[in-house]
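Here's a quick briefing to read with the model open beside you. Have a look at the structure first, then work through the notes.

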Amino acid sequence: MILDAGIARFSRAPDVEPDGRLPPQDGPVYHSAWYGIRTVSFRRFFEARQAGQRVDTVIRVLQPAPEYMMQADDTCTLSDNHRYKIVQIQPTRDEEAGEDALDLTLERM
């Protein structure tokens, strides 16, 4: 697994503000990780289309510790400074590196 595409920064918007105002779009960055770009397969692309979602890119990151685990609907900023929403998280094992990893399906915001 080659994780040389850059550093992904993950954030989660708070549910509500203490005073009842709308929360900001992004909360603070809770995790940063090196990532590699994966190929978006036709199957994944068309399954997302059928579910009413759009797949713009798929990245692979090493699986973080449980307290830094990503969730669907978290936001991710890649090294191109574009923001993406995490649509799907797929745990996998990179046999080459012998490490647990996550394939994250992203939709550009």
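The notes below go from the overall layout to the core, the charged pairs and the confidence.

This is a predicted model, and the protein has one helix and six strands. Going along the sequence, the order is β-β-α-β-β-β-β. The mean pLDDT is 83, though the confidence varies between elements, as the last group of points shows.

**Overall layout**

- The protein has 109 residues, and 35% of them are buried.
- Take the contacts between residues at least 6 apart in sequence: 57% of these join residues at least 24 apart.

**The nonpolar core**

- The largest nonpolar core is made of 15 residues. Phe10, Ile59, Val61, Leu78, Leu104 and Leu106 are the ones with the most contacts inside it.
- Which strands give this core at least two residues each? They are β1 (6-11), β2 (29-38), β3 (57-62), β5 (83-94) and β6 (99-108).
- Leu106 is a good residue to click on if you want to see its surroundings. Leaving aside residues up to four places away in sequence, Leu106 touches Arg54, Val55, Asp56, Thr57, Ile59, Cys76, Leu78, Tyr84, Lys85, Ile86 and Val87.
- Two of those neighbours, Ile59 and Leu78, are also among the residues with the most contacts inside the core.

**Salt bridges around Asp103**

- How many salt bridges does the structure hold? There are five.
- One of them pairs the side chains of Asp103 and Arg38, at 4.0 Å from N to O. Asp103 belongs to strand β6 and Arg38 to strand β2, so to speak distant parts of the chain, and the two residues are 65 apart.
- Asp103 counts as buried because its relative accessibility is 7%, under the 20% cut-off. Arg38, with 36% relative accessibility, counts as partly exposed.
- Asp103 also forms a salt bridge with Arg60, and here the closest N and O atoms are 2.7 Å apart. This pair links distant parts of the chain too, with Arg60 in strand β3, Asp103 in strand β6 and their positions 43 residues apart.
- Is Arg60 buried or exposed? Arg60 is buried, as is Asp103.

**A salt bridge at Lys85**

- The side chains of Lys85 and Asp73 form another salt bridge, at 3.9 Å from N to O. Lys85 sits in strand β5 and Asp73 in the loop between β3 and β4 (75-77), so this pair ties together parts that are 12 residues apart in sequence.
- Lys85 counts as partly exposed, at 28% relative accessibility, whereas Asp73 is exposed, with a relative accessible area of 56%.
- Back to the earlier pairs: Arg38, Arg60 and Asp103 are joined into one network by salt bridges that share partners.

**Rings**

- Don't go hunting for aromatic pairs, as the structure holds zero of them.
- There is a charge over a ring, though: the charged end of Arg12 sits over the ring of Tyr30, 4.3 Å from its centre.

**Confidence**

- A pLDDT of 70 or more is reached by 77% of the residues.
- Which element has the lowest mean pLDDT? Helix α1 (residues 42-50) does, with a mean of 65, while β1 has the highest, at 95.
- Where pLDDT is low, the predicted coordinates should not be read in detail.

Definitions and conventions. Residues are numbered from 1 along each chain as its sequence is written. This is a predicted model: local features need pLDDT of at least 70, side-chain atom pairs count only at pLDDT 80 or more; totals for chains, interfaces and linings use all residues. Side-chain values use heavy atoms; hydrogens and water are left out. A nonpolar core is a set of buried Ala, Val, Leu, Ile, Met, Phe, Trp, Tyr and Cys residues joined through side-chain atoms within 4.5 Å. Buried means under 20% relative accessible area, exposed over 50%, partly exposed in between (1.4 Å probe, protein chains only). Helices (H or I, at least four residues) and strands (E, at least two) are DSSP runs, numbered from the N terminus. Contact means heavy atoms within 4.5 Å. Rings of Phe, Tyr and Trp (its six-membered ring) pair if their centres lie within 6.5 Å; planes under 30 degrees apart count as stacked, over 60 as edge-to-face and the rest as tilted. A charge sits over a ring if NZ of Lys or CZ of Arg is within 6 Å of the ring centre and within 35 degrees of the ring normal. pLDDT is the predictor's confidence in each residue, from 0 to 100.
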